[in-house]
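Let us test the labels put on a structure. Each one should follow from a value and a cut-off.

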Amino acid sequence: MMLKPEILAPAGNLERLRVAVLYGADAVYVGGQKYGLRARADNFTDAELGRGVHFAHRHGAKVYVTLNAFLHDEDFAGLPAYCKFLESIEVDAVIASDLGVIRCIKKHSDLKIHLSTQQSCLNSYSAKVWKSLGIRRIVLGREASVIEAGQIIDKTGLEIEMFVHGAMCMSYSGNCTISNYTAGRDSNRGGCIHSCRFEYDQQLEKATSKNTLHVINNNKANTIQSNFMSSKDLMGLEQVPDFFKYGIHSLKIEGRMKSAFYVATTCKVYRRMVDAYADSSLTEKIFLDSREEISTIPHRDFISGSLQEPAGKDSVYTQENTVGNGTHKYHGLVLESDSKRMVVRLFAPLTVGDTIDLLPFTADTIPYKVETLTSLTGEAMIVAKQESVVCIPKPDHFEAVAAFNIVRSKNLEVCHEV
Amino acid sequence: MKFSTFVKTPLDIKRCEDAPNVKEVLIEPALIAQQGELSKAEIESLISLVHERSLKPVLVWDILMTESSFCNICNDLRRWSLDRFGAIRVKDLGAAEWIMSNYPDIPLQLSLEGNSHNVDSIRGWVEYYGNQLEKIVLSIELPEKKLIQYCKEVPMKFEILGAGPILIFYSPRHLLSRVLAPEDEDSNSDLWMYATSSSEESQGREFMTKQTPHGTLMFLDKDQFILDKLENLEAAGIDTVRIDLRHLSENRDAANGIEEICQRIQEKDPSVRKWWPRKTLTPFFRTNATSKQFKRLKSKLHVLRDESCLAQVISGESGKFLTLYSLREFDTTQKKSIVLPSGEELNFPDIAFKDSRGKAVQLCEADSVLITPWVRKACNGALIKGVVD
């Protein structure tokens with residue numbers, strides 16, 4: 001019987017954790033206040049972690065906490081106690097990169113440890129090292145293909161987790177320290193400033209080829225401006241059959257800094273694809289619908305990364321906007337839902353007459369033309385501002401709509417990540 | 001304290017022989033080194049010369065490899081006389097593991113320049129690799145006091161970059177040819193390209209960018225230089241200081257100038273830094289403060305989201321009402337204060353709570369929408385704190 005891979009979703013906060021789980025994630029990965037690689041994010045407080053784990057477990061999902069920074073000696077303060085805390089709230093695993101951190105985790109807890117992609121583990125011999133150090137799952141570097149992942153599984157018996165969707169670095173993970181020197185922020189302790197997304201002025205000094213034994217182009221070219229280090233986004237929908245075939249344990253979606261809209265959409269799409277393949281009902285239509293659905297969220301042009309073959313010259317994202325448009329924008333989040341009405345928190349203005357989409361957790365998207373808007377104090381409205389909370393009537397056939405459902409609308413202008 | 005440097009030609013080897021205290025020479029094959037150019041035949045020729053001069057040849061294997069690439073490389077390397085090398089220096093742990101499995105008598109040198117910045121990690125690798133590990137290359141992100149501490153506390157030989165380019169980016173992708181020489185990209189698998197790259201973020205600083213058959217490397221605009229600051233490290237017992245002159249050679253040499261600079265170090269020439277032809281810096285030798293800014297990146301409020309946090313303001317009509325979202329179940333008598341996004345904390349007035357239907361509530365459910373009369377200064381993101389057991 002083929003292994004059905006887990007869908008592992010990012011959760012930047014408690015709200016997105018709930019969204020991820022309700023939209024079908026089998027597991028979520030989250031960061032605490034320290035020891036992770038997202039210093040800019042608010043991350044989970046201890047209280048929120050407890051609530052998040054409780055919620056996830058109640059819905060049959062797992063929680064992995066990132067401890068994946070490359071720590072300096074002084075950063076270890078509090079780590080032993082934190083490991084014990086994570087164990088006490090029954091976190092399912094931690095994700096670590098640094099051998100010193102891994103040794104600390106093992107010394108002070110029995111937490112299961114996953115090796116972060118930050119270690120750039122890319123081959124079976126490297127995987128064997130980590131296996132003998134107590135690692136049971138490896139988040140493979142994004143340079144490895146699905147076939148290579150399968151070979152590593154066969155040779156080591158380890159669980160392999162692969163990134164299947166989201167933003168990508170151009171460098172080997174853990175091998176870009178530009179921000180350390182340009183911004184004084186350690187990229188390997190959470191301070192990355194995405195130097196790869198900037199436009200660079202480049203001037204060619206020399207190009208040579210040993211085979212031809214001469215200088216091909218020794219003319220200093222005019223300065224060329226390019227985003228030569230900006231990668232397109234990864235999308236692994238086409239590789240879903242391969243993930244099954246080669247026994248990949250976990251399909252990881254990138255994006256702890258991304259919106260609940262992104263989380264919901266990616267989880268729902270990959271859930272549908274994986275479930276359909278598992279019960280042999282995956283059709284071309286489902287694939288095309290999934291492809292269309294995944295394009296509703298903000299994204300750069302998609303590539304399959306190195307999932308099939310090494311990412312090549314078409315992997316550079318060259319558009320001016322650092323993030324591309326999706327076909328839709330994040331309009332709101334359903335906070336409460338009963339038989340008669342929905343209470344919606346808005347992230348964009350809403351006017352009577354607008355058409356929005358409601359995204360149930362599993363059912364098809366429901367387009368809805370807003371005929372009536374009411375404030376929470378019962379006043380009829382024509383226009384509701386961004387950041388307001390409104391009541392919208394709920395038609396009888398909208399029983400699938402529930403709290404934490406995403407509301408979206410067609411994107412008529414440039415869309416930025418929330 | 002010894003010095004090491006890279007060699008590519010017989011002249012380089014001669015220079016190293018003449019340079020005071022140069023004991024190890026680093027040899028980079030095109031097959032397995034990020035910036036390697038040497039063929040197997042060239043290397044075999046060089047090794048003989050190295051041995052004749054009582055220098056220690058170290059094979060540099062510093063590329064990262066996916067499974068298929070790794071298997072192909074290992075198949076190739078089986079045809080090499082690896083035992084002619086005094087040691088093999090690796091970055092990919094898989095390479096180290098393969099050497100341990102197949103060549104247990106060849107000393108290993110492990111480059112931890114990118115990912116081991118604490119003593120526990122370093123100790124861990126020392127314990128793991130045991131007697132076959134003869135040296136660890138430490139990161140320049142470690143300040144002097146840490147380097148000294150590790151030299152004294154960890155039973156291992158260490159090497160540090162004493163002078164040379166600082167690698168800040170390593171990608172397997174060929175990023176220069178796509179932009180700067182697209183017409184040559186497909187026809188030349190061994191295309192080498194050299195460019196400068198600068199951005200607004202780097203404030204115009206031009207970073208040396210190099211494309212080799214193994215990918216793209218970017219270096220800082222200034223070189224690491226601590227050759228005039230080695231006294232304490234030497235006293236602490238640092239084994240080797242590496243001097244990287246590859247980028248300073250116009251032709252195929254890699255060690256041009258090694259004799260002079262080693263001589264100057266031996267003579268404790270105070271102007272040795274002025275001799276170096278590029279601008280220099282010692283970014284982390286005194287201290288590494290690259291995590292200091294992180295506290296400022298977080299909101300003041302977020303750390304307050306503990307068990308005493310009852311609800312959050314999510315909306316409101318100024319002067320009229322507030323909309324809250326409850327973060328836990330609570331009794332309205334528990335409410336105590338409101339903390340604004342600025343960090344200012346105010347007493348929360350004794351006002352009635354209603355649910356989203358307008359019904360008065362005392363016991364508020366978790367994850368529910370609540371309405372209260374307007375509270376002065378309240379704004380989105382403010383937290384309602386309470387008294388909890």
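**Labels and their cut-offs**

Q: What surface does chain A expose, and what share of it do carbon and sulfur atoms supply?
A: Chain A exposes about 15700 Å², and 50% of that comes from carbon and sulfur atoms. The areas are Shrake-Rupley values with a 1.4 Å probe; for residues, only the protein chains shown count as cover. For chain B the exposed area is about 15800 Å², with 46% from carbon and sulfur.

Q: What kind of model is this, and which pLDDT limits apply?
A: The model is predicted: local features need pLDDT of at least 70, side-chain atom pairs count only at pLDDT 80 or more, and totals for chains, interfaces and linings use all residues. Residues are numbered from 1 along each chain as its sequence is written, chains are lettered from A and ligands numbered from 1 in the order in which they are written, and side-chain values use heavy atoms, leaving out hydrogens and water.

Q: What makes a run of residues a helix or a strand?
A: DSSP runs decide: H or I over at least four residues gives a helix, E over at least two gives a strand, with numbering from the N terminus. On that basis chain A has ten helices and 23 strands. Chain B has twelve helices and 24 strands.

Q: How do you know whether the radius of gyration of chain A agrees with that of a compact globule?
A: The rule is 2.2 Å times the number of residues to the power 0.38, and the radius is taken over C-alpha atoms. For 418 residues that gives a value near 22 Å; chain A has 23 Å, so the two agree. Its C-alpha trace spans about 75 × 55 × 45 Å along the principal axes.

Q: What does the globule rule give for chain B, and what radius of gyration does chain B have?
A: A compact globule of 389 residues would be near 21 Å, but chain B has 30 Å. The C-alpha trace of chain B spans about 90 × 50 × 45 Å along its principal axes.

Q: Why is A:Ala149 called buried?
A: Buried means under 20% relative accessible area, exposed means over 50%, and partly exposed lies in between (1.4 Å probe, protein chains only). A:Ala149 has 0%, so it is buried. This residue sits in helix α6 (residues 146-156) of chain A. By the burial cut-off, 62% of the 418 residues of chain A count as buried. In chain B the share is 59% of 389 residues.

Q: Which residues is A:Ala149 in contact with, leaving aside neighbours within four places in sequence?
A: Contact means heavy atoms within 4.5 Å. A:Ala149 touches A:Leu140, A:Ile160, A:Met162 and A:Ile248. Contacts with a separation of 6 or more are often long-range: residues 24 or more positions apart account for 69% of them in chain A. For chain B the figure is 65%.

Q: What makes helix α4 (residues 93-102) of chain B mostly covered?
A: Seven of its ten residues are buried. They are B:Leu93, B:Gly94, B:Ala95, B:Ala96, B:Glu97, B:Trp98 and B:Ile99. Their packing partners include α5 (124-132) of chain A, and also α3 (67-77) and β4 (87-90) of chain B.

Q: Why is the pair A:Arg408 and A:Glu293 called a salt bridge?
A: The label needs a side-chain nitrogen of Lys or Arg within 4 Å of a carboxyl oxygen of Asp or Glu. Here the closest N and O atoms are 2.7 Å apart. The pair links distant parts of the chain: A:Arg408 is in strand β23 (residues 406-410) and A:Glu293 in helix α10 (residues 284-294), 115 residues apart. Both residues are buried. The whole structure holds 57 salt bridges over all chains.

Q: How do you know whether A:Asp338 and A:Arg341 are buried or partly exposed?
A: A:Asp338 has 24% relative accessible area, so it is partly exposed. A:Arg341 has 12%, so it counts as buried. Their side chains meet in a salt bridge at 3.5 Å, N to O.

Q: Why are B:Glu260 and B:Arg264 separated by about one helical turn?
A: They are four residues apart in helix α10 (residues 258-266) of chain B. Their salt bridge has its closest N and O atoms 2.9 Å apart. At 37% relative accessibility, B:Glu260 counts as partly exposed.
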